[in-house]
Each structure stands twice: as structure tokens, then as C-alpha cells.
Amino acid sequence: PEPLTGSADVTCGVDYDPDNGKLYLTDARLVALNIQGIPFGYQGLVQKVSNKLIGELLGNLPVYTLKPGSAKMSLARLILRKATVKNGVLVVTLGI
């Protein structure tokens, strides 16, 4: 079979776990999926399955880890309390 090519647009939020210093994507959902070569009758099914997979895969994978190896990263882990997205804007809460 010939490989398929295409693109996907995904929206999501962000969550920070201060215990392990990791940022996660939350509430990931597929907005648009364009894959060349999929018959019209299967596009809805492929989009539905892809949306479920994206939500499950991205919700469990950290997208960034603040590693305590350097002074900058250790300081960031010390003061970063929360990271969320509100109305399309990243909101970061700092504290000591």
C-alpha cells in the first residue's frame, strides 16, 4: 500500500505537575484532519478514531520536563505552581 500523507489541527490545554516538574497537554481534541487518499465514505470514521487516539496519547505524555540539573531549571521548579490555558492564553502561576 501507498503511504498516506496529510495534516491535523489539534487544540488542547496545558497542565503542570509540580511534584515531577512535567507539563502535560490536556483536553486534546482534533479540530481538522486532512489525509490524502482516504475514500470519502471513511473520512468521518477516521476522524472519530483519530480524535480518540489523540486525546488518549497526548494526555499521558509529558510535553516538557523541568529537570533539576541546572540552576535555572531548579529555580523554575521551585517557583512554578500552575500552568493552564484560559481563553487561548497560557496562564502561569508562580509562588514561593
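Reader: Where is Asn87 found?

Author: Asn87 is found in the loop between strand 4 and strand 5, in what is a predicted model. The hairpin made by these strands has two residues between them, and Asn87 takes a positive phi near 55 degrees there.

Reader: What makes Asn87 count as exposed?

Author: The cut-off for exposed is over 50% relative accessible area, and Asn87 has a relative accessibility of 83%, so it counts as exposed.

Reader: Why is the phi of Asn87 worth a remark?

Author: Most residues other than glycine have a negative phi. Asn87 is not a glycine, although its phi is positive, at about 55 degrees. Asp27, in strand 2 (residues 22-35), is another residue other than glycine with a positive phi, in its case near 50 degrees. Asp27 has a relative accessibility of 68%, and because the cut-off is over 50%, Asp27 counts as exposed.

Reader: How do you know that strand 4 and strand 5 pair?

Author: Two strands are said to pair if at least two bridges are found between them, and strand 4 and strand 5 (residues 89-94) have six bridges, in the antiparallel sense, so the condition is met. One of the partnerships is that of Val85 with Leu90, the latter being in strand 5.

Reader: Why is Thr84 called buried?

Author: Thr84, which lies in strand 4 (residues 80-86), has a relative accessible area of 17%, and because buried means under 20%, Thr84 is placed in that class. Not counting residues up to four places away in sequence, Thr84 touches Val14, Val89, Leu90 and Val91.

Reader: Which residues form the largest nonpolar core, and what makes it a core?

Author: The five residues are Tyr16, Leu23, Leu66, Leu80 and Ala83. They are called a core because they are buried residues of the nonpolar kinds, joined through side-chain atoms within 4.5 Å. In soluble globular proteins, nonpolar side chains tend to be buried together. For Leu66, leaving aside its neighbours within four places in sequence, the contacts are Tyr16, Gly21, Met73, Ala76, Arg77 and Leu80.

Reader: Why are Ile54 and Ser50 called buried?

Author: Ile54 is in helix 1, and its relative accessible area of 18% falls under 20%, so Ile54 is buried. Ser50 is found in helix 1 as well, and its value of 17% is also under 20%, so Ser50 is buried. Leaving aside neighbours within four places in sequence, Ile54 is in contact with Val10, Ala28, Leu30 and Gly59, while Ser50, with residues up to four places away not counted, touches Leu30 and Leu33.

Reader: How many residues separate Ile54 and Val10 in sequence, and how many Å in space?

Author: Ile54 and Val10 are 44 residues apart in sequence, and their C-alpha atoms are 8.4 Å apart in space.

Reader: What makes Val49 partly exposed, and which patch is it in?

Author: Val49 lies in helix 1 (residues 43-60), and its relative accessible area of 42% is neither under 20% nor over 50%, so Val49 is partly exposed. Together with Tyr42, Leu45, Leu53 and Leu57, Val49 forms a nonpolar patch on the surface, and the accessible area of the patch is about 510 Å².

Reader: How do you know that Lys52 forms a salt bridge with Glu56?

Author: The cut-off is a side-chain nitrogen within 4 Å of a carboxyl oxygen, and the closest N and O atoms of Lys52 and Glu56 are 3.1 Å apart, so the pair qualifies. Side chains of opposite charge can pair when their charged atoms come close. The structure holds one salt bridge, and both of its residues, Lys52 and Glu56, lie in helix 1, four residues apart, about one turn of the helix.

Reader: Why do Lys52 and Glu56 fall in separate classes of exposure?

Author: Lys52 has a relative accessible area of 56%, which is over 50%, so Lys52 is exposed. Glu56 has a value of 43%, which lies between the cut-offs of 20% and 50%, and therefore Glu56 counts as partly exposed.

Definitions and conventions:
Residues are numbered from 1 along each chain as its sequence is written. This is a predicted model: local features need pLDDT of at least 70, side-chain atom pairs count only at pLDDT 80 or more; totals for chains, interfaces and linings use all residues. Side-chain values use heavy atoms; hydrogens and water are left out. Buried means under 20% relative accessible area, exposed over 50%, partly exposed in between (1.4 Å probe, protein chains only). Contact means heavy atoms within 4.5 Å. Patches are made of residues with over 30% relative accessible area and no salt bridge: like charges are joined within 9 Å, nonpolar side chains (Val, Leu, Ile, Met, Phe, Trp, Tyr) within 5 Å. Accessible areas come from the Shrake-Rupley method with a 1.4 Å probe; for residues, only the protein chains shown count as cover.
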